[in-house]
Amino acid sequence: MLTSLALAVAIPVRPNIIMIFSDDHARRAISSYKSDLIKTPNIDRIVAQGIRFDRHYTTNPICGPSRASLLTGKYSHLNGFRDNSSKFDGSQMTFPKLLRSAGYETAVIGKWHLESNPTGFDHWEILPGQGAYYDPDFLTPSGRQKNVGYVSEIVTDKALKWLSAPRTKPFFLLLGHKAPHRSWVPNLNKIGILANKALPEPATLRSTHETLTSAAKTVHMRVDTHMRPAEDLMVGFVPAVLKGEREQTWKTAFAPQDQRYRDQVNQGDLMRANYQRYMQNYLRCVSSVDDSVGQVLDYLEKSGDAKNTIVIYASDQGFFLGENGWYDKRWFYEPSSGTPLIIRNLDRKAKIVRSITSNVDLAPTLLEFAGVHPPSEMQGHSLVPEMAGKPNPASAAYGHFYESDDGDHNAPKYVSLVTARYKVIYYYELGEWELFDLPSDPNEQTNLWRKASMGKVRSEMVRKLIQRAKELREPSDLVSSIQQNVRLRG
């Protein structure tokens, strides 16, 4: 049964639900989040008629673990998918299974990245692993299938084909985009955009990380020194599958841009040259995702399904677009842990939610949309109250990252808690702490952990971190580590 709050936000019994889930899409690359980089007119259409969540976080900012938390409504230590070397246990309860049991027809199309085959879906066509940008294979119940074209367009075409099939049940579709995941390989029809535009640099592009954790100076994700000119920046590079006319189109479009990049490198500012080239291709991939969103919205309007379909746009995590001199994710700093979340409800009333929310909250939210009571094992809470205009001033987001030894980026393990004002991060293998006052330091450049005047705030944030870890049933040795380290170093 739907709650009075659900009714207050105009959710009918058994609405259709479409979740468009991209990969590594930073808020700063969505114009409705006040982007200074790109216009995303179709995602903005959802925002104009929906609810923009301004402080939405991922529990574990890396692809597979984030997706596992989305499906289960549980944190990594309980759903079993801690890092990208894990394999998802498809026998556990997920919200698609519950929707299916409640009479929904369910489908997942596109990126999956959980190693095991999908469960709880009537229909699935997924990319193997990360998938390919051009001519990607798809895994299906009937086997592996080759497709010709650009992945964002192929995923969209498959989704529209499934949506247009006759059905007598309400539906749920998880549409998963590979883009804008590394490496940033643009569609042929996007290579020319932004080619002559100087993109604004973030204020912290040349940060020296003076007060941050020691790992900030050693992590392998610097735009200037760790990006590969060919594989990451597409300089002098052509995807191997592009032959004939497609290859020539690629070479012709990139030739002057390659020369411009080399000229910039010769001017002696590798950071500037790499940043500009990186952002051009990243944003080109974003533009293809935005096109896909537009196609889905247009289909819903033309088919008449828009009147009874909730549309959600989100990403598995954010991404560094040059902030701190970095690309990639993994950290619990804002560009990485903060993710877009936009929900177009059926009343199409534009709102902004500033309460802190988390990706574990999405499973119980979608279940409430469908009138299904979430099981007690789910650790998130429904966002319907926030959607109905009831802010949660005591809200906080908890994060735990496990993958320090990935052999590539080497970001440190940590646990973290962010509240309305403060963020505390404990790097438990390093024995180091960070504390940020976000309103006064939104770029998180000043670690206040050692500042004497912050003693009360430090103690309170650590208390909240420990309390939250216990509530979430984190292992007792982790809780003990936090307590012991504070006594030694606090």
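These exercises work through the overall form of a predicted model and then two of its residues.

**Exercise 1. Judge the overall form of the protein from its radius of gyration and its spans.**

Solution.
- Start with the chain length. For 490 residues, a compact globule would have a radius of gyration near 23 Å.
- Set the model against that. The protein has 22 Å, which agrees with the globule value.
- Add the spans. The C-alpha trace extends about 65 × 60 × 40 Å along its principal axes.
- Then list the elements. The secondary structure consists of 13 helices and 15 strands.

**Exercise 2. Describe burial, contact range, surface and charge for the protein.**

Solution.
- Burial: 62% of the 490 residues are buried.
- Contact range: take contacts between residues at least 6 apart in sequence. Of these, 69% join residues at least 24 apart.
- Surface: about 18,400 Å² is exposed, and carbon and sulfur atoms supply 51% of that area.
- Charge: there are 61 positive and 53 negative charges. Their mean positions lie 3 Å apart.

**Exercise 3. Place tyrosine 428 and decide whether it is buried, partly exposed or exposed.**

Solution.
- Locate the residue. Tyrosine 428 sits in the loop between β14 (422-427) and β15 (432-437).
- Classify it. Its relative accessibility is 22%, so tyrosine 428 counts as partly exposed. The cut-off for buried is under 20%.
- Find its surroundings, leaving aside neighbours within four places in sequence. Tyrosine 428 contacts His400, Phe401, Tyr402, Lys413, Tyr414, Val415, Leu478 and Ser481.
- Look for a polar pair. The side chains of tyrosine 428 and histidine 400 form a polar contact of 2.8 Å.
- Finish with a distance. Asparagine 196 is 232 residues from tyrosine 428 along the chain, and their C-alpha atoms are 45 Å apart.

**Exercise 4. Treat serine 287 likewise: which element holds it, is it buried or exposed, and which side chain does its own side chain meet in a polar contact?**

Solution.
- Locate the residue. Serine 287 belongs to helix α8, which covers residues 270-303.
- Classify it. The relative accessible area of serine 287 is 13%, so this residue is buried.
- Name the polar partner. The side chain of serine 287 makes a polar contact of 2.9 Å with the side chain of lysine 190.
- Complete the list, again without neighbours within four places in sequence. Serine 287 contacts Ile38, Lys190 and Ile193.
- Combine the steps. Serine 287 is a buried residue in helix α8, with a side-chain polar contact to lysine 190.

Conventions: Residues numbered from 1 in each chain as written. Predicted model: local features only at pLDDT ≥ 70, side-chain atom pairs only at ≥ 80, totals over all residues. Heavy atoms only, no water. Helix = DSSP H or I, 4+ residues; strand = E, 2+ residues; numbered from the N terminus. Rg over C-alpha atoms; globule rule 2.2 N^0.38 Å. Buried < 20%, exposed > 50% of the residue type's maximum accessible area, 1.4 Å probe, protein only. Contact = heavy atoms within 4.5 Å. Areas by Shrake-Rupley, 256 points an atom, 1.4 Å probe, with all protein chains shown as cover. Lys, Arg positive; Asp, Glu negative; His and termini not counted. Charge placed at Lys NZ, Arg CZ, Asp CG, Glu CD. Polar contact = N/O pair within 3.5 Å; in protein donor to acceptor, adjacent residues only side chain to side chain.
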